[in-house]
Amino acid sequence: MTDLPRKAITRTAKLAALPLGFAGRATWGLGKRIGGRPAEIVAREVQQRTAEQMFKVLGELKGGAMKLGQAMSVFESALPEEIARPYRAALTKLQEAAPPMPSRTVHTALEERLGPDWPELFQEFDDKPAAAASIGQVHRAVWHDGRTVAVKVQYPGAGEALLSDLSQLSRFARVLGPLVPGLDVKPLIAELRERVAEELDYELEAASQRIHAEEYAQDTEIVVPEVVHQSDQILVTEWLEGVPLSEVIADGTQEERDRAGQLLARFLFSGASRTGLLHADPHPGNFRLLTGHAPDGPPEQWKLGVLDFGSVNRLPGGLPEPIGIALRMALENDAAGVYDLMRGEGFVKPTIELDPDDLLDFLLPMLEPAQVDAFVFDRQWLRSQAARVADRHSPVYELGNQLNLPPAYLLIHRVTLSTIGVLCQLGATVRMRDELEAWVPGFAADPESEDRDEEDAQEGPAADAGEEASDGAEEEPEAAETSA
């Protein structure tokens, strides 16, 4: 590959090859089965070939094609194992790397954005990219002041490619859907398309990263690299040394998995509260486990490094309080309260009538991580949830189809599901309830309400009897006054 394919006709042809390729391999598989080969062996071969072609096409095109692949990759935990296995390796590759731009293209971009003397800004610059993502690739370098930095260079024509890809992919959504059964691809593509402008704006990304870096500068558990320099289509930040989360998923110890999972959940919920911004791209390629001077533990000294703030959801007041209140009421089995709140927030449209108890039964299995002190996130649990809501013959499926997702909650919903997908890939044990109580407004019971309940319990029946006597004493003068 010599450059990011930019011509719409070229990219469209490559994307069109995906569904055509799926159909061709299905026909090939049918022929093999007719020829006498066992169906399960043929199916595995078809799936493997599909995964290989998907990575080749989405990875080479980068742009919106690769962005969709990354977004889909965090949901592979929900797939049945026989389907997930051949896709897992191909999708995981999209989280960390893709075919790189040639050095001459990178140098041209640096000269255009930083000036002809750009090499003088660096003591060293590695032409081989450390990572290649959907709209840009990252090079390791040494800044002129001696700091090791990450230099993100946007692909030429990335904006045009993003829009073209996502428009084209939306036409193939029905065909792409079976790649991740249970995931509605079309709304995902629509949401990615809406955020194209922010993804391409490195000035906006730099501002979001500075806010996070300042807030977490003294944090002992979360690390956000500082922004060193920013110009149009070039972003230079401090280098973050650590183990990519994709490697922890593949080969990490259970201690590494648990620590990474706990900190990922903490960042998800604390970020919106502390910065007013929700990191909206939680695929494993954007996180590092920093073991620092304690690679062998204890895990409490390990930190989570966070990268890529190109996509954020602006939540000045933190996560919406109705989320926390609804979660708390659901765990208290307050079906009527949950139903009224969800109707008020637009999750249940005015024209729809649901049984509150049925709604609670629909929600509670998904809230199991918040019902216990520590929850083991694993693929089996996520698969069971996906199968439960995707069974077209189940009342649960019918109820789910009657619910509405208000626009204000769309990105929050996707980020939460994506994070849960990563936690299940990790197989991490997480104290989720602790994070909800600490960071989600409305989830923890109102302390004043608890104090009142405690006072009422202490006063007991005697207090009630005293109140009744007092009420009677107050009523007597009124009666006397009336008779007079």
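Visitor: What makes strand β3 (residues 136-143) largely enclosed by the rest of the structure?

Guide: In this predicted model, seven of the eight residues of β3 are buried, so the strand is largely enclosed by the rest of the structure. Buried here means under 20% relative accessible area.

Visitor: Why is β3 said to pair with strand β2 (residues 131-132)?

Guide: Pairing requires at least two bridges between the strands. Two bridges join β2 to β3, so the criterion is met, and the strands run antiparallel. Ala-131 stands opposite Val-138 in β3.

Visitor: How many bridges join β3 to strand β4 (residues 148-154), and what links the two strands?

Guide: Seven bridges join these antiparallel strands, and Val-142 stands opposite Thr-148 in β4. β3 and β4 form a hairpin with four residues between them. In the turn, Gly-146 has a positive phi of about 100 degrees. Val-142 also stands opposite Glu-124, a contact between β3 and strand β1 (residues 122-125), which pair in the antiparallel sense over three bridges.

Visitor: Why are β5 (222-223) and β8 (243-244) placed at the edges of their sheet?

Guide: The open sheet has the order β5-β11-β10-β8, with mixed pairing. β5 and β8 each have a single partner strand, so one side of each is left without a neighbour in the sheet. For β8, an antiparallel pairing with strand β10 (residues 287-290) extends over two bridges, with Val-243 opposite Leu-289.

Visitor: Why is Asp-355 called partly exposed?

Guide: The relative accessible area of Asp-355 is 38%. Partly exposed lies between the limits of 20% and 50%, so the term applies. Asp-355 lies in the loop between α14 (335-345) and α15 (356-363), and gathers with Asp-357, Asp-358 and Asp-361 in a patch of negative charge on the surface.

Notes
Residues are numbered from 1 along each chain as its sequence is written. This is a predicted model: local features need pLDDT of at least 70, side-chain atom pairs count only at pLDDT 80 or more; totals for chains, interfaces and linings use all residues. Side-chain values use heavy atoms; hydrogens and water are left out. Patches are made of residues with over 30% relative accessible area and no salt bridge: like charges are joined within 9 Å, nonpolar side chains (Val, Leu, Ile, Met, Phe, Trp, Tyr) within 5 Å. Accessible areas come from the Shrake-Rupley method with a 1.4 Å probe; for residues, only the protein chains shown count as cover. A salt bridge is a side-chain nitrogen of Lys or Arg within 4 Å of a carboxyl oxygen of Asp or Glu. Lys and Arg count as positive and Asp and Glu as negative; His and the chain ends are not counted. The place of a charge is taken as NZ of Lys, CZ of Arg, CG of Asp or CD of Glu. Buried means under 20% relative accessible area, exposed over 50%, partly exposed in between (1.4 Å probe, protein chains only).
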